[in-house]
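This briefing goes through a two-chain model from its overall dimensions down to individual strand pairings. Please keep the structure open alongside the text while reading.

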Amino acid sequence: MLTVSGLTKQFGGFTALNGVSFEVREGEILGLIGPNGSGKTTAFNCISGALPRTAGSIRFRGEEIAGLTPDAICHRGIARTFQIPRPFRKLSILENVAVAAHFGGAQRNAEAEARRRARETLELVGLPADPAASPALLGAGGLKKLELARALATGPKLLLADESLGGLDHAEMSGAVELLRRIRGELGITIVWVEHIMATLMRVVDRVVVLDHGETIAEGRPLEVAEDPRVVEAYLGEKIVLA
Amino acid sequence: MTPGRALGLALAALLAAGPFLPLGGMKEYGLHVMVQIFIWSFIGGAWSLMGRFRLVSLGHGAFLGLGAYATTLLWNSWGLTPWLGGVLAVLLTAVVAVIVAYPCSRFQVVGHYFALVTLAVGEVVRLLIIAERNWTGGSLGVSLRPAGRDSLVAMQFADKRVFYYAAFVLWLLGLWVWARVDRSMARSAMEAIGEDETAAASVGIHITRFKIGITVLSASLTAVGGVAYAQYISYVNPDTLAGIGVSLRIVFAVVLGGMYSLLGATVGTALTIALGEYLRIVFGLRFIGMAETIYGLLLIVFIIFLPSGIYGSLRDLVQRLRSAPARAEA
């Protein structure tokens with residue numbers, strides 16, 4: 001579905017991504033992991049068009065999307081969330097999602113249709129669809145849900161979820177994991193998931209890609225990857241514990 | 001009918017009957033002040049279409065001047081009716097707006113930098129008008145060639161009431177456009193862009209298209225205001241219709257009244273014009289610059305203490321008072 005090959009991103013003299021290649025298959029949940037600064041979020045930024053890549057190719061459903069603007073990539077069916085939630089604080093929760101539903105699809109949805117879809121999506125993630133509710137009322141967990149709802153409202157085929165669990169407590173975390181499963185299962189949306197909390201991620205994903213210093217060091221099933229000596233080394237000798 | 005709506009209708013009826021109210025010797029003066037308030041409120045409303053989305057332009061004088069000068073010069077040189085001249089002037093202004101907005105959006109010139117760019121644009125237009133004095137009249141300005149009699153084609157009338165009603169309709173038109181934008185999805189998109197361009201783009205909003213769109217709309221309406229003002233005063237001058245001075249006066253009026261509410265620009269403009277007239281009468285020629293000093297002080301006070309302006313803050317207060325008893329009952 002998505003084929004990234006030779007993706008390179010340089011910030012001045014610093015190489016954040018150095019020829020990263022991996023593939024996302026239709027219908028899977030792919031975990032993208034790696035130590036801090038290994039280039040996970042940069043990869044997301046390049047795929048979603050938020051940052052221009054330095055070199056390499058990104059093909060989505062047979063079409064080259066590298067070099068397109070973020071809105072064009074969104075229209076083609078790739079949605080993303082942000083690691084640190086970036087809600088539109090002046091808009092209500094409903095409007096936040098409705099604006100995504102209105103502008104984010106391949107065709108522009110009518111306003112009434114966009115609001116209807118926004119309500120559905122809010123219901124799915126478990127947020128109030130009350131037109132007066134403001135994102136200012138939401139805590140860390142709620143903001144993460146809003147990120148997901150806004151991304152989902154654009155009607156994506158591929159969801160790039162950046163640390164959807166960060167800052168959540170235990171109950172919220174299992175709720176979020178359940179949500180990601182439902183997004184894939186019920187909506188049929190393929191997911192690439194970046195996460196720090198390894199144990200949880202490894203239980204959910206079908207396959208993992210491991211980045212270190214901007215390079216792909218392993219790709220495969222969670223169990224195999226966790227045993228890979230290069231991965232163990234990248235994580236400073238700690239073995240990834242699969243609870 | 002809500003009390004607010006009833007009040008609004010009563011006010012509109014009063015304004016519509018304005019020229020026929022018995023005002024005695026003050027009538028002409030009263031009409032003159034009202035025409036000014038209508039036209040400058042319209043222009044302020046046009047400015048706030050951008051300002052409310054954090055596209056703070058300090059150069060709307062450029063668009064005002066282009067509208068006023070293009071129409072006036074077309075009439076004076078070729079006798080082209082201001083109706084047609086106005087359309088050409090607005091088109092010209094729209095083109096200039098695209099030339100300003102496109103690179104600003106493309107290279108993410110936002111916030112203070114955007115304000116500075118527009119400030120420069122306003123001055124460039126003013127200096128160009130002064131420099132091209134052979135056909136613009138330079139810093140002395142230029143008078144509208146009189147048609148000799150009342151003429152719809154020339155948009156010239158001896159009777160102030162004609163201008164009063166024209167300006168009134170223009171003002172209503174401005175409010176209508178503002179309300180339309182306020183209720184549209186485009187407003188949500190612009191709010192999103194104003195807050196976080198990266199996040200807005202990630203949900204499929206075409207940033208450049210929206211920024212250019214709102215800039216062109218705001219600039220075109222401002223140019224229309226320029227045309228109206230030039231026709232009414234029948235004299236154009238680079239210092240009153242372009243450059244920093246007038247640009248800042250527009251901004252000040254809107255900030256004073258409140259840029260996030262429908263009537264904010266009108267309240268602010270009415271207050272600044274009233275203040276200006278009052279100071280002019282009190283101080284006369286004794287303290288030149290006094291009005292500007294007081295404007296400046298008020299502006300600082302308002303930006304710090306009442307960021308949503310007089311009207312906006314009052315409206316918020318009324319809403320809070322109204323919802324408080326409702327909550328107490330629940």
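Two strands are taken to pair if DSSP finds at least two bridges between them. On that footing, strand β9 (residues 207-212) of chain A is joined to β10(A) by five bridges, and the two run antiparallel. The model is a predicted one, and the points below take up the two chains, the sheets of chain A, the nonpolar core and the contact between the chains.

**Overall build of the two chains**

- Chain A has a secondary structure of nine helices and 10 strands, and with a radius of gyration of 18 Å, close to the 18 Å that the globule rule gives for 243 residues, it is as compact as a globular protein of that length.
- The C-alpha trace of chain A spans about 50 × 40 × 30 Å along its principal axes, and 49% of its 243 residues count as buried.
- In chain A, 66% of the contacts with a separation of 6 or more are accounted for by residues 24 or more positions apart.
- Chain B, in turn, has 15 helices and two strands, and its radius of gyration of 20 Å agrees with the value near 20 Å that a compact globule of 330 residues would have.
- Taken along the principal axes, the C-alpha atoms of chain B fill a box of roughly 65 × 55 × 40 Å, while buried residues make up 43% of the 330 residues in that chain.
- Among the contacts in chain B between residues at least 6 apart in sequence, those that join residues at least 24 apart come to 77%.

**The six-stranded sheet of chain A**

- Six strands of chain A form an open sheet with mixed pairing, in the order β6-β7-β8-β3-β9-β10.
- At the edges of this sheet stand β6 (78-80) and β10 (215-220) of chain A, each with a single partner strand, so one side of each is left without a neighbour in the sheet.
- Averaged over the sheet and with direction ignored, neighbouring strands are turned by 20° against each other.
- Strand β9(A) is joined on one hand to β3(A), with four bridges and a parallel run, and on the other to β10(A), with five bridges and an antiparallel run.
- In the parallel pairing, Leu30(A) has Arg207(A) in β9(A) as its bridge partner.
- In the antiparallel pairing, Val208(A) has Gly220(A) as its bridge partner in β10(A), Leu211(A) is partnered there by Thr216(A), and Asp212(A) stands opposite Glu215(A).
- The hairpin of β9(A) and β10(A) has two residues between the strands, and in this hairpin His213(A) takes a positive phi near 50°.
- Helix α6 (residues 170-185) of chain A lies across β3 (29-33), β7 (158-162) and β8 (190-194) of chain A, and it runs at about 155° to β8(A).

**The four-stranded sheet of chain A**

- Another open sheet of chain A has four strands in the order β2-β1-β4-β5, with antiparallel pairing.
- Its edge strands are β2 (14-24) and β5 (63-64) of chain A, each of which pairs on one side only.
- Strand β1 (residues 2-11) and strand β4 (residues 55-60) of chain A pair over five bridges in the antiparallel sense, and within β4(A), Arg59(A) stands opposite Thr3(A).

**The largest nonpolar core**

- The largest nonpolar core has 157 residues, of which Val97(A), Trp193(A) and Ile39(B) touch the most other members.
- The element that gives the most to this core is helix α10 (residues 207-233) of chain B, with 14 residues.
- Once neighbours within four places in sequence are left aside, the residues in contact with Trp193(A) are Ile29(A), Leu30(A), Gly31(A), Leu32(A), Ala161(A), Leu180(A), Leu201(A) and Val205(A).

**Contact between the chains**

- On the chain B side, 15 residues are in contact with 23 residues of chain A.
- Two elements of chain B, α8 (185-195) and α9 (197-202), give two or more residues to the side that touches chain A, and α8(B) gives the most, with six residues.
- By residue type, the side of chain B that touches chain A divides into seven nonpolar, five polar and three charged residues.

Technical notes. Residues are numbered from 1 along each chain as its sequence is written. Chains are lettered from A and ligands numbered from 1 in the order in which they are written. This is a predicted model: local features need pLDDT of at least 70, side-chain atom pairs count only at pLDDT 80 or more; totals for chains, interfaces and linings use all residues. Two residues are in contact if their C-beta atoms, placed from the backbone, lie within 7 Å. Ala, Val, Leu, Ile, Met, Phe, Trp, Tyr, Cys and Pro count as nonpolar, Asp, Glu, Lys and Arg as charged, and the others, Gly among them, as polar. Axes are lines fitted to C-alpha atoms, for helices over the stretch in contact, and angles run from 0 to 180 degrees between N-to-C directions. A nonpolar core is a set of buried Ala, Val, Leu, Ile, Met, Phe, Trp, Tyr and Cys residues joined through C-beta atoms within 7 Å. A residue is buried if 20 or more other C-beta atoms lie within 10 Å of its own, exposed if 12 or fewer, and partly exposed in between; C-beta atoms are placed from the backbone. The radius of gyration is taken over C-alpha atoms; the globule rule is 2.2 Å times the number of residues to the power 0.38.
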